[in-house]
Amino acid sequence: MERAKETAEETADDGEGLRCLVTGATGYIGGRLVPELLAAGHRVRCLARTPEKLRDYPWTAEVEVVRGDVTDPESLAEAMRDIDVAYYLVHALGTGSGFEETDRRAARIFGEQARAAGVGRIVYLGGLTPGDVPEEELSPHLRSRAEVGRILLDSGVPTTVLRAAVIIGSGSASFEMLRYLTERLPVMVTPSWVSTRIQPIGVRDVLRYLVGSARMPRDVHRTFDIGGPDVLTYRVMMERYAEVGRLRKRLILPVPMLTPRLSSHWIGLVTPVPRSIARPLAESLKYEVVCREHDIAEYVPDGPGRPFPFDKALGLALQRVREAKVTTRWSSASLPGAPSDPLPTDPDWAGGSLYEDVRERGVDAPPAALWRVVEGIGGDNGWYSFPLAWAVRGWLDRAMGGVGLRRGRRDADRLRVGDSLDFWRVEEIEPGRLLRLRAEMRVPGLAWLEMSVEERDGGHSHYRQRALFHPRGLLGHAYWWSVSPFHAIVFGGMARNIARAASRTPGSVRSRAETVSVRPRPRPRPREQN
């Protein structure tokens, strides 16, 4: 406690709080850390490749958002200007075989720019590694996390590296794996790693340690292991989940021959976590990851009952899920490799073939009623047409390594820019008027789905639904023409049922005539360069 008092005195600021840079603010931890830093009195700047994705967060008006990338030295140098503490919360997990090199390069650039800018401290959240396994023998995921921490420690900037194992919090990838495996499988044939010891930690304690690390003395330059008070096997974690979630006792049968590769397919089949993320997580679970020290408490004191026991952290996460108060999810950050091209109607669109399916209907319901249906689409509410067709498309996407339909929604009623929505992501939302989704499923091209609401005389509404597809190569054209015969059922049924759902509100009668327009659009003519 005496050391904590010295820390507070040594890092006293000008009364306006420290100036903090948060990378990964659209991600699971970053999106939760920002409001915690603000609540602690700090000033926050967020670095984002697509700042628009932060537009609808409740804290956006209180922070500075700058465009940039951790692999771009120029944008990073500008973001580091006048910063006291820089949080490094990004990684290239799931981007393919070259992710280690991407992580390595990004960490080096981050450290170099932090040193050049005179940043007072770097704070990095990494992964807990086993003490008895050489780094070169670790899984690529854990090996990369360890290497990034070492690079930042070698940057010449005072650095705090927090190393955590499984993070338990509503919406985290680890929690979603645990949740869906336990809830959906009363009898489980499991890989041998369910018997490996793990020291999980609640997300609230992770955030508390991250915020507290900002005020560490300048001479503190090291790693800290962070974990909860319980050391459990994954099997016991599933059994405890069943108890806390009031489920029947689960029958768990470990099978040694289930390799991490095979178990990642199993995880991908049962949970919303795609195989590209499930595999590195499964590979990491075969190692015993238990904290070897708890020195962090010297600088960030633990209050009574903290860190939370596993059951407490689990109960809080489940309560958040049941109350639909999940602020960020593992899928909040863009899927690695997801398309980022402009919508074909945007000024930056460079031309090319474009297919379009347009459905329009007059709706005998007020615009507010129609908008509630539009904004509530997806997740448990479904897509209002031919559920089997949507399910099959989701299964095919999972089989090809995509995300499928199981990501669901962050919030049952409200959407914001950047939200994942099954195999779509919210690209634009104008409350009461427009919802535009960008496809993140595996398709040979780029795809969007746009739904808009307009007011008509007499308290009626007009619903317009537009699906767009920009094919990539001959395969893309073949894909569009192979699925186009089903559009009348899928998209036509979707428009009719959305209108029907809106018309069920008091005072509404029924939807009116539908207008259909299905056509390829010509390549736009190049703009003149002045």
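**Group meeting: a helix pair and a pocket**

Okay, let's start with two helices in this predicted model: the axes of α4, residues 99-117, and α5, residues 140-153, come within 9 Å and cross at roughly 15°. Quick reminder for anyone new: two packed helices are described by the angle between their axes and the distance between the axes. So what do we call an arrangement like this one, roughly parallel or roughly antiparallel? Angles under 35 degrees count as roughly parallel, and therefore α4 and α5 are roughly parallel to each other. As for handedness, the crossing of α4 past α5 is right-handed.

Who's touching whom? On the α4 side, the contact includes Phe99, Arg104 and Phe110, and on the α5 side, residues including His141, Glu147 and Leu152 take part. Sort the contact residues by character and you get seven nonpolar, three polar and six charged.

Right, on to the pocket. I picked the second largest one, which has a volume of about 750 Å³. It's lined by 33 residues, and the closest to its centre are Tyr180, Gly379, Asp380, Gly408 and Arg409.

Which helix gives the most to that lining? That's α13, with six residues. Helix α13 covers 387-399, and α6, which covers 173-184, also supplies at least two lining residues. And the character of this lining? Twelve residues are nonpolar, nine are polar and twelve are charged.

If you've got the structure open, try finding Tyr180 and Arg409, two of the residues closest to the pocket centre, then go back and look along α4 and α5, roughly parallel to each other.

Notes:
Residues numbered from 1 in each chain as written. Predicted model: local features only at pLDDT ≥ 70, side-chain atom pairs only at ≥ 80, totals over all residues. Heavy atoms only, no water. Axes fitted to C-alpha atoms, helices over the stretch in contact; angles between N-to-C directions. Helix = DSSP H or I, 4+ residues; strand = E, 2+ residues; numbered from the N terminus. Parallel < 35°, antiparallel > 145°, perpendicular 65-115°, else oblique. Left-handed = near helix turned anticlockwise from the far one by under 90°. Contact = heavy atoms within 4.5 Å. Nonpolar A, V, L, I, M, F, W, Y, C, P; charged D, E, K, R; others polar. 1 Å grid on protein atoms, 1.4 Å probe; cavity = no way out; pocket = protein on both sides within 12 Å on 5 of 7 lines; lining within 4 Å. Points joined across faces, edges and corners; volume = space filled by probe spheres on them.
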